[in-house]
Amino acid sequence: MMSMYTKNINTHLVEIKSYFKVAISVDCVIFGFNGNELKVLLIESDLKEYKGKWSLLGDIVRPDEELDEAAYRVLKARTGLDDLYMEQVQTFGAINRHPAGRVITVAYYSLVNIEHVELKKHNNDLHWHSVKDLQNMAFDHKQILDTCHERLKQQVMVQPIGFNLLPKKFSLRELQNLYEAILDVELDRRNFRKKFLSMDLLMDLNEEEEDVPHRPAKLYKFNFDKYDQRKKRYLGIGF
């Protein structure tokens with residue numbers, strides 16, 4: 001005759017086994033900047049339920065890897081880059097978010113210079129899409145994208161992460177275009193330049209733009225060494 005203790009243990013083991021029917025994945029919101037637009041790298045979904053829709057880049061987390069390792073693996077496989085700014089943002093675990101079963105996903109965003117990315121294409125093409133033009137996406141990926149975009153808006157005001165999206169040499173015009181694209185606002189030109197120049201973190205390279213259809217602008221570089229030496233944890237930008 002089975003004792004009450006043994007019965008409870010067996011019931012508990014059955015419950016534990018059922019818990020392991022849940023998969024863990026990572027989804028990467030890969031932001032880039034081109035011209036005057038904030039863009040995100042997407043792939044066409046290969047699931048029949050989402051035919052013709054775009055999705056973020058992601059994968060199931062392997063049993064032998066950490067969450068961050070899985071996210072870096074996805075980024076490396078698709079962009080060819082391994083030295084990227086990346087931040088874990090939020091976990092999404094709605095019961096019916098994936099047609100294959102219960103999949104809990106951890107969302108990351110990363111910032112890349114589009115010019116440095118060599119896209120790794122497989123069966124379905126990768127494409128850069130304007131963030132503001134995206135509406136309907138596969139799974140809950142529009143919600144994930146919006147959440148990561150909001151986090152980027154917050155972080156770009158307090159840390160110099162936006163410079164990961166620019167070339168090493170940039171004009172103040174390009175810098176303002178970047179902030180306007182991320183924040184989705186129009187900024188006053190004079191106030192913007194005054195604010196950044198007053199922080200004394202931009203290095204004047206004594207160079208100008210070349211082969212541009214407008215008057216060549218001066219080129220600058222962000223002084224990360226000076227930023228680190230001051231041990232500033234935030235920029236405190238206020239427009």
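**Close-up views of a predicted model**

**View 1. Cysteines without a disulfide.** The count of disulfides comes to 0 in this predicted model. A disulfide is a covalent bond between the sulfur atoms of two cysteines. Why is Cys 28 not bonded to Cys 148? The closest cysteine sulfur to that of Cys 28 belongs to Cys 148 and is 9.2 Å away, which is too far for a bond, since a disulfide needs sulfur atoms within 2.5 Å. Cys 148 is likewise in no disulfide. Is Cys 28 buried or exposed? Cys 28 has 2% relative accessibility, so it counts as buried. Cys 148, at 0%, is therefore buried too.

**View 2. The contact of helices α4 and α5.** Helix α4 spans residues 172–183 and helix α5 spans residues 189–198. Their axes lie 11 Å apart, at an angle of about 105°. The two helices are therefore roughly perpendicular to each other. On the α4 side, the contact is made by Leu 172, Arg 173, Leu 175, Gln 176 and Tyr 179. On the α5 side are Arg 189, Phe 192, Arg 193, Phe 196 and Leu 197. By type, the residues of this contact are 6 nonpolar, 1 polar and 3 charged.

**View 3. The largest nonpolar core.** This core has 44 residues. Those touching the most other members are Val 29, Phe 31, Tyr 109, Leu 175, Tyr 179, Phe 196 and Leu 202. At least two residues each come from several elements, including β1 (23–34), β6 (103–111) and α3 (141–156). Which helix gives the most to this core? Helix α4 does, with 7 residues.

**View 4. Another core.** Apart from the largest core lies another, of 20 residues. Among them are Val 26, Ile 30, Ala 70 and Ala 71.

Technical notes
Residues are numbered from 1 along each chain as its sequence is written. This is a predicted model: local features need pLDDT of at least 70, side-chain atom pairs count only at pLDDT 80 or more; totals for chains, interfaces and linings use all residues. Side-chain values use heavy atoms; hydrogens and water are left out. Axes are lines fitted to C-alpha atoms, for helices over the stretch in contact, and angles run from 0 to 180 degrees between N-to-C directions. Helices (H or I, at least four residues) and strands (E, at least two) are DSSP runs, numbered from the N terminus. Angles under 35 degrees count as roughly parallel, over 145 as roughly antiparallel, 65 to 115 as roughly perpendicular and the rest as oblique. Contact means heavy atoms within 4.5 Å. Ala, Val, Leu, Ile, Met, Phe, Trp, Tyr, Cys and Pro count as nonpolar, Asp, Glu, Lys and Arg as charged, and the others, Gly among them, as polar. A nonpolar core is a set of buried Ala, Val, Leu, Ile, Met, Phe, Trp, Tyr and Cys residues joined through side-chain atoms within 4.5 Å. Buried means under 20% relative accessible area, exposed over 50%, partly exposed in between (1.4 Å probe, protein chains only).
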